[in-house]
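Open the model in your viewer and keep the selection box handy. We will go from stop to stop, selecting a few residues at a time and looking at what is there.

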Amino acid sequence: MRESWIGGIKRAFALAIRRMSVIHRDADDELSSLVEERTDLLVERGMSPDDARAEAIRLLGKPLEDASADVRRSAERRERVMSIREWLEEARADVLYAIRGLRREMLFSSFIVVTLALAIGVNAAMFGIVDRVLLRGPAHVVAPNRLVRIYWLVRGPAGEDRTSAAIDPHIYANLELEAKRFSGVAMYSRASRFTVLGNGASARLISAASATSNFLSLLGTRVIAGRFFVPEEQDMNAPQPVVVIGYGLWKREFGGDLNAVGRSMILDGRPVTIVGIAPEGFTGVELERVDLWTPMLLRSGPAATHWGKGSSSGQSIVARLKPGVTADEASKDATDAYRRTYDGGNKKLAEAKLFGGPLTAGVTGSESVETRVSRWLVGLSAIVLLAACANIVNLLLARSVRRRREMAVRLALGAGRARLLRLLLTSSMTISIAGALVGLAVAALAGKLVRYVLLPDVDWTTGPIDVRVLAYATVITIFTGIVIGVLPALKASRVDVSSALKAGGREGGGNRSVIRSGLVAGQAVLAMILLVGAGLFARSLNRIRHLDLGAQTDRVVVLEPRWSRLPAGTSDSIRKLEAARRASFAADIVDRLRATPGVENAALAVGMPFGGAFAVSLFVPGRDSLPRLPGGFGDPEVSAVSREYFATVGTRLLRGRLFAREDGSSRVALVNETMAKTIWPGREPIGECLLIAKRDAACTRVIGVVQNARRSRLREDPSMHYYIQLGQESSLSDPDLIVRPRGDAHSSIRLLRDALLRIDPTIRYVGATVLQDRVEPQTRAWRIGAMMFSLFAVLALVVAAVGTFSVVAYLVEQRNHEIGVRLALGARAGNLITLMMRGPIALSAIGALGGAAVALAGSRIVASLLFDTSPQDPVVIGGVAALLIAVSAVASTLPALRVRHVDPMEALRDE
Amino acid sequence: MADQLPVVRGTLDMLVLKALSWKPMHALEIIAWLEDRSGGRFGVDDSALLQAFHRMEEKGLVAASWAMTPKNRRARYYRMTPKGRTHLKKEMDKLAEYNEMLSAILGAESP
């Protein structure tokens with residue numbers, strides 16, 4: 001094979017050289033013929049032959065050698081230009097030929113074009129996503145690869161490492177002074193979508209983030225009008241609060257008027273002054289939309305005590321590496337600086353490490369969901385493209401069998417094999433381009449879908465198709481054109497002329513192609529991989545949906561009334577009264593709220609699932625210390641709740657009893673299952689004594705055991721948790737107002753808001769969150785996985801079905817004659833149908849087996865992405881294999897049934 | 001021999017095409033035709049003319065193929081292509097119009 005390639009290259013060179021010498025010889029011949037004719041003419045007119053020749057050369061205008069060189073040059077040029085023109089004309093003819101061919105077989109062509117459009121479109125769309133999320137980095141950030149986000153690595157109570165990007169401002173202040181390997185350090189907070197803009201009825205939620213004054217210059221950008229913040233504005237007691245508005249908000253609220261700078265707005269009930277406008281699409285170093293920037297308020301509070309909560313709304317540090325400094329060097333230096341300046345007195349925190357991670361990483365320092373999703377999207381869409389290519393190659397090969405005669409005739413008529421190859425490659429390129437053109441529409445749709453469904457928080461500034469996506473689409477289109485063209489073209493151009501012509505009108509019988517069988521099976525392998533992925537993720541998602549969180553999160557609404565600030569000049573006594581009224585508002589109205597139609601129950605709680613956890617020191621008589629569990633803070637968590645809490649939230653009682661009216665102010669508590677098992681193993685905890693806050697506190701009696709409820713994560717280690725009555729522990733105050741509405745929680749929000757506003761018309765805005773909405777972001781990875789795998793798997797399945805269908809259809813058509821003869825000889829149509837279907841079904845079964853093997857081999861990679869699902873789940877693998885084979889059975893049955901329409905008489909007449 | 005005149009730029013193509021409009025010719029036949037019709041005032045070097053033919057071939061105005069002369073010598077014969085024919089007609093029309101304009105201006109008898 002290699003020999004023949006080298007030979008081919010040598011031949012091509014030899015050909016070029018020979019062509020050049022032919023051109024030169026022709027040019028010389030023409031020149032000498034001119035000179036000779038001229039000489040003859042002059043001799044005819046009476047000159048001596050010698051004089052005539054001298055005169056003929058003189059008339060050339062220059063010495064013979066120079067004239068020859070000139071003429072050779074012009075001949076060369078002529079040949080070059082003409083061969084290009086010829087090439088273009090041939091290409092044009094080839095394209096027209098390809099288009100005619102596609103139009104002649106509309107069904108065949110539309111299969112191919114649709115398949116390609118789906119594959120190319122999906123790939124282009126995915127590139128658009130990855131380009132934004134991974135490749136280009138956040139908009140307006142200069143050299144994002146020299147920026148690091150600072151992570152804090154702390155050893156947890158059970159010795160495990162806890163990484164967090166949420167860092168105390170105190171550390172930031174120290175780093176800014178002490179770290180020497182950064183050219184700049186800034187602090188910012190991620191966008192929070194719960195900031196209220198405006199007043200009264202027109203109040204709405206916007207997304208606001210905060211940042212230190214050096215943030216923009218650190219990233220390498222600037223405001224488009226006004227200014228960013230100054231350091232003095234980072235002080236909590238700054239006299240005049242200021243904001244920088246985002247480009248989008250500026251366009252929406254101020255119609256793009258530059259005079260917006262200097263105007264004031266009402267933000268969370270207080271007036272703020274706009275000092276600047278951020279550039280279009282600026283989202284800091286994250287990708288989420290930011291409507292508005294506020295100065296990061298740096299309070300110089302007690303040393304770092306806040307850690308391990310991994311909250312995504314915490315403040316993060318971003319730093320730019322000095323030129324030539326690596327992230328590792330800078331991390332080491334930052335850790336030294338941190339340890340040198342830490343004065344909090346906590347041993348674990350004093351030993352914590354800092355490290356700089358890439359911007360694409362998430363809050364825990366590992367790959368963010370967006371990054372992971374985009375990487376998978378690319379991989380999966382590439383698989384779909386491969387499957388589509390395999391499919392099309394197969395179809396083209398099938399067609400090339402039909403075209404053998406045409407190719408043989410062309411060869412017999414003197415077309416070179418190279419010329420034929422070119423014709424066929426042009427044809428496949430034309431198909432690929434047609435697919436790509438339709439694919440752009442697919443890309444626009446798929447891009448929109450993925451953006452809104454899978455990555456809704458990212459601020460997309462451009463449409464799904466931009467110049468870079470187009471460039472990428474062009475590249476994959478050319479790649480596809482070559483991939484789908486090479487094999488059929490080589491095969492077609494190797495036709496043996498005499499045998500193909502001899503075969504007459506009938507095509508050479510049933511010589512099955514190994515390549516084609518391999519392609520059908522290979523396609524099935526790819527489809528199988530995607531199907532297994534889809535199955536596993538769907539199962540994970542199902543597991544999550546049926547997870548017992550210890551709270552019915554979809555039935556619970558948390559209400560947060562917010563009031564305006566009191567006007568300046570309000571007397572202190574009124575201020576105090578109003579503050580007290582607001583503080584006890586929830587407690588005052590919870591009974592009224594419970595009586596409201598549409599409300600099933602309502603309760604108060606300090607500390608609830610997905611809503612904040614608290615811990616106070618706890619002692620148990622007879623034990624020196626309590627065991628520490630990896631999932632906890634150290635001390636067991638505590639919630640202070642009103643009586644109706646459990647009924648409202650849906651946490652089930654396992655043993656004993658819940659709080660009751662008769663308890664009054666007596667000190668009673670409920671513990672969760674884990675706490676019961678950990679502190680009183682093998683014993684009934686009811687009646688046991690808890691000493692809350694102090695060792696000499698009064699006994700709090702355990703009256704019951706409730707099921708475990710999640711603290712904040714879907715995946716978390718169980719922790720000890722107990723519940724006491726609200727109001728008994730002064731440090732646990734300011735409860736959340738929780739409501740269990742009748743009917744759908746989301747649609748009841750309006751009613752609940754109205755109810756609160758009726759009770760107190762001075763409320764400015766009622767924040768209302770269905771608890772499930774706090775859980776939902778955590779399920780995103782699985783939802784995304786299930787959705788994209790399913791999407792791609794369906795695509796691959798369709799592609800595989802189309803492939804099988806058309807292969808069998810061609811098979812039947814190609815063996816029409818044989819079938820006719822067999823029918824004439826008494827074969828039963830049913831047997832022949834089975835005969836036609838057997839191959840493709842067997843191939844897809846082989847493919848399913850192969851795909852299952854690949855999926856099992858790769859199970860390690862996906863295992864970490866699944867939720868309580870084994871990557872080798874036999875139900876999933878068996879199920880999707882059955883599905884794949886069933887689909888290929890259906891896809892091959894339909895065309896195989898055409899056997900019944902074959903007329904034996906026609907076949908016999910041919911004989 | 002009369003004084004030779006340089007050929008005005010862009011008109012050489014026209015002259016060659018005109019020659020070929022009668023019949024296909026080889027290089028010297030074209031040159032001789034032009035010399036005869038110009039009364040010997042046609043002053044372009046033979047080698048330059050040969051290059052001009054190549055250029056015209058390149059532009060698709062003429063096409064060439066090898067054939068035998070009456071004296072049984074191999075020569076490259078040029079013939080006018082349809083594109084050449086249209087080109088000739090267009091250029092001649094343009095030139096006629098230009099001449100008309102020139103003579104209208106130069107023949108003016110009042111200021």
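Start by selecting Asp734(A). Is this residue buried or exposed? Asp734(A) has a relative accessible area of 64%, and it counts as exposed because that value is over 50%. Keep in mind as you look around that this is a predicted model. You will find Asp734(A) in the loop between strand 22 (721–725) and strand 23 (736–741) of chain A. Check its backbone too: phi is positive, at about 65 degrees, although Asp734(A) is not a glycine.

Next, select Phe610(A), another residue with a positive phi that is not a glycine; here the angle is near 55 degrees. Phe610(A) sits in a loop as well, between strand 14 (599–606) and strand 15 (614–615) of chain A. Its surroundings are another matter: Phe610(A) counts as buried, with 8% relative accessibility.

**A pocket in the structure**

Here is a helpful idea before the next stop. Rolling a probe the size of a water molecule over the atoms shows where empty space is left. Now select Ser210(A), Arg270(A), Thr294(A), Pro295(A) and Leu297(A), the lining residues nearest the centre of the second largest pocket. How many residues line this pocket? The lining is made of 30 residues. Color strand 4 (192–197), strand 5 (204–211), strand 7 (242–245), strand 9 (270–277) and strand 10 (292–295) of chain A, and you will see the elements that each give two or more residues to that lining. The space in the second largest pocket comes to about 820 Å³. If you color its lining by class, you get 15 nonpolar, eight polar and seven charged residues.

**Over to chain B**

Select chain B, which has 111 residues, 38% of them buried. It holds four helices and three strands, and following the chain from the N terminus gives the order α-β-α-α-β-β-α.

**Where the chains meet in charged pairs**

Side chains of opposite charge can pair when their charged atoms come close. Across all chains, the structure has 47 salt bridges. Select Arg73(B) and Glu37(A) to see one of them, with the closest N and O atoms 3.7 Å apart. This pair crosses between chains: Arg73(B) is in the loop between strand 2 (62–68) and strand 3 (74–80) of chain B, while Glu37(A) is in helix 1 (residues 2–44) of chain A. Arg73(B) is partly exposed, at 23% relative accessible area, whereas Glu37(A) counts as buried at 8%.

Now add Asp40(A) to your selection. Its side chain also meets Arg73(B) in a salt bridge, 2.8 Å from N to O. Here too the pair runs between chains, with Asp40(A) in helix 1 of chain A.

Staying in chain B, select Lys89(B) and Asp93(B), which form a salt bridge with closest N and O atoms 3.1 Å apart. Both belong to helix 4 of chain B, four residues apart, or about one turn of the helix. Asp93(B) is partly exposed at 41%, and Lys89(B) is exposed at 52%.

**Last stop: a nonpolar patch**

Finish with Leu95(B), found in helix 4 (residues 82–106) of chain B. Leu95(B) is partly exposed, with 33% relative accessibility. Add Tyr98(B), Met101(B), Leu102(B), Ile105(B) and Leu106(B), and you have a nonpolar surface patch whose residues, Leu95(B) included, share about 590 Å² of accessible area.

Technical notes. Residues numbered from 1 in each chain as written. Chains lettered and ligands numbered in written order. Predicted model: local features only at pLDDT ≥ 70, side-chain atom pairs only at ≥ 80, totals over all residues. Heavy atoms only, no water. Patch = residues over 30% accessible without salt bridge, like charges linked within 9 Å, V, L, I, M, F, W, Y side chains within 5 Å. Areas by Shrake-Rupley, 256 points an atom, 1.4 Å probe, with all protein chains shown as cover. Salt bridge = Lys/Arg side-chain N within 4 Å of Asp/Glu carboxyl O. Buried < 20%, exposed > 50% of the residue type's maximum accessible area, 1.4 Å probe, protein only. 1 Å grid on protein atoms, 1.4 Å probe; cavity = no way out; pocket = protein on both sides within 12 Å on 5 of 7 lines; lining within 4 Å. Points joined across faces, edges and corners; volume = space filled by probe spheres on them. Nonpolar A, V, L, I, M, F, W, Y, C, P; charged D, E, K, R; others polar.
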